[in-house]
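Here are my notes on the model you sent over. Have it open while you read, since the points go site by site.

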Amino acid sequence: MTSVNWLEETEKRKDELLAAVREFLQIKSVLDPATARDGAPFGEGIRRALDYALKVCADAGMTVKDVGGYAAHAEFGEGEELIGILSHVDVVPEGDGWSSPPYAAEIVDGKIVARGAIDDKGPAMAAIFAAKIVKELGLPLSKRVRLIFGTDEESNWQCVKTYFQTEEMPTMGFTPDADFPLIYAEKGLTDLTLTQTADAYAAQQRPPAARPDAKLLALSAGLRMNMVPDKAEATLEPLAMTGEELAERYRAYLRDTGLSGEADVRGGQVLLRMEGVSVHAMDPSKGVNAGTELLHFLAGLTLDERGRQFARFTDRYLHRQHYGEAIGIAHDDEEMGPLTLNTGVIRYEADGDAVFGVNIRYPHSQPFERWRAILEERLAEAAFSLEVVEHLKPHRVDPQHPLVTTLQRVYTEQTGQEAEIIAIGGATYGRSLEVGVAFGPLFPGRPDSAHQRDEHIRVDDLIKATAIYAQAIYELAK
Ligand SMILES: [Zn+2]
């Protein structure tokens, strides 16, 4: 019945939108525990940014509600069902090297440059203006529309966890906090620690030892489970081999494999270093894992009993096993892609614990319970126990769901481009909604400047995204 020109309606409000976005970005909303208080659990800056967003919504006639400063919302429309648009007002610290001040929000070459411009304050304000447009046009709606603002998306998501303890879960919704066209599926994410204590090691039945070349005293690699480690270090005590022989053998191994590292003999011990290539755990096959590469070398030596078991276990199940093949948990989903396994942290103490910190990302067709049971069986063979440190279940909205098909249609109408839907190995804010997808704001082909210096959003993209969000809100809520 209506033929609203959404882009034109957005253009009419361009000056007002740009002024609001810039003012919003000028509030430094970085997590600041030092100024945290009741009603501002993440500090004053984030509190002020939240207040600013709510003020713009209240001025537009929406009903606002603050939930203890953890999150807040602004609502309009009427009906049983609720359409949610989830964004966040916090930003990561600015870092160094900016070519214009990170909280000046200057417009340079058609781009607004500021921390938070694309992640996520620019898009949050685009969503507010989109809602404003729908409201100001007085179009009849059969559902309620709720803009929800989170405040610690960049750290622990306490905001949405707290918010949804007391507040209504939207019937469906989207988050403008990732990429266009649309992300409908996200893998399950787990951080696991696999630990073999000295006692558990000692309790095993073991074959008698051969005379070892060396004893593995300690090994460490990596700091974070979600990164491929680029540094690893092992300390050995030479036994049947001399320190020099060990060092020489390692140097030869480095030459043969083209890997980089070094060997030092010092005070009767041998120190081996390995350098790898660090990449994100989403696709560990793109990196070089310094830890497992070093252990692959050690697995070729005759080490002391425990060191040998540790090196061989690593070599067999974790070395270049980016998809969990040898463990027996590999699974490739047609839609969501393969299960991936990253050994991000390795710690070994001859007299203490041996620990792997592992990040496994899995598609919904390989259930957690299934692969966990297989993994535990393999671990038991070497007296390792498993602890689940973090687990986010896979998130997926049916591609035929009206949320997906409506947003696809809107995107195509506004851009003239086909709206291919995307499955990812990471996590977007969209998974905090029961039926939620990520929808923009980054257009295909645009460089992603989130979390980097000179973070920016192009003014024309901001306008286009606002028009898309306005039509999306209307089509979902009409
Ligand atoms: Zn974000």
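The points below cover the zinc site, a buried aspartate, the salt bridges and one annotated domain.

1. Ground rules first. This is a predicted model, where local features need pLDDT of at least 70, side-chain atom pairs count only at pLDDT 80 or more, and totals for chains, interfaces and linings use all residues. Residues are numbered from 1 along each chain as its sequence is written, and side-chain values use heavy atoms, with hydrogens and water left out.

2. Which residues hold the zinc ion? His88 (NE2), Asp119 (OD) and Asp177 (OD, listed twice) coordinate the zinc ion at 1.9 to 2.6 Å. Donors here are N, O and S atoms within 2.8 Å of the metal (3.2 Å for Na, K and Ca); water is not among the atoms, so sites may look incomplete. Along the sequence, the donor residues follow the spacing H-x30-D-x57-D. His88 sits in strand 3 (residues 82–88) and Asp177 in the loop between strand 7 (172–175) and strand 8 (178–179), so this pair links distant parts of the chain, 89 residues apart. Helices (H or I, at least four residues) and strands (E, at least two) are DSSP runs, numbered from the N terminus.

3. On the geometry: the four donor atoms subtend angles of 53 to 143 degrees around the zinc ion, which makes the arrangement irregular. For reference, four donors count as tetrahedral if all angles lie between 85 and 135 degrees; four count as square planar and six as octahedral if opposite donors are over 155 degrees apart and all others between 65 and 115; anything else is irregular.

4. Are these ligands buried or exposed? His88 is buried at 0% relative accessible area, and Asp177 is buried at 14%. Buried means under 20%, exposed over 50% and partly exposed in between (1.4 Å probe, protein chains only).

5. Have a look at Asp152, in the loop between strand 6 (144–150) and helix 5 (158–166). Asp152 is buried yet has no salt bridge, and the nearest side chain of opposite charge, Lys161, is 7.2 Å away. For charge, Lys and Arg count as positive and Asp and Glu as negative; His and the chain ends are not counted. Leaving aside residues up to four places away in sequence, Asp152 touches Phe42, Asp90, Trp157, Gln158 and Cys159 (contact means heavy atoms within 4.5 Å).

6. How many salt bridges are there in the whole structure? The search finds 36, each a side-chain nitrogen of Lys or Arg within 4 Å of a carboxyl oxygen of Asp or Glu. One of them joins Arg47 and Asp66 (2.9 Å, N to O). Arg47 lies in helix 3 (residues 44–59) and Asp66 in strand 1 (residues 63–67), so the pair ties together parts 19 residues apart in sequence. Arg47 is buried at 10%, while Asp66 is partly exposed at 35%.

7. Two more bridges sit within helices. Asp59 and Lys55 meet at 2.8 Å, N to O, four residues apart in helix 3 and so about one helical turn; Asp59 is exposed at 58%. Arg251 and Glu248 meet at 3.1 Å, N to O, three residues apart in helix 7 (residues 243–257). Glu9, Lys12, Arg13, Glu16, Lys132 and Glu136 form a salt-bridge network.

8. Last, the annotation. An unreviewed UniProt entry lists residues 271–382 as "domain: Peptidase M20 dimerisation"; UniProt positions are given in the numbering used here, feature names are shortened, and annotations may be inferred rather than shown by experiment. Over residues 271–382 the chain is 32% helix and 25% strand, with the end C-alpha atoms 26 Å apart.
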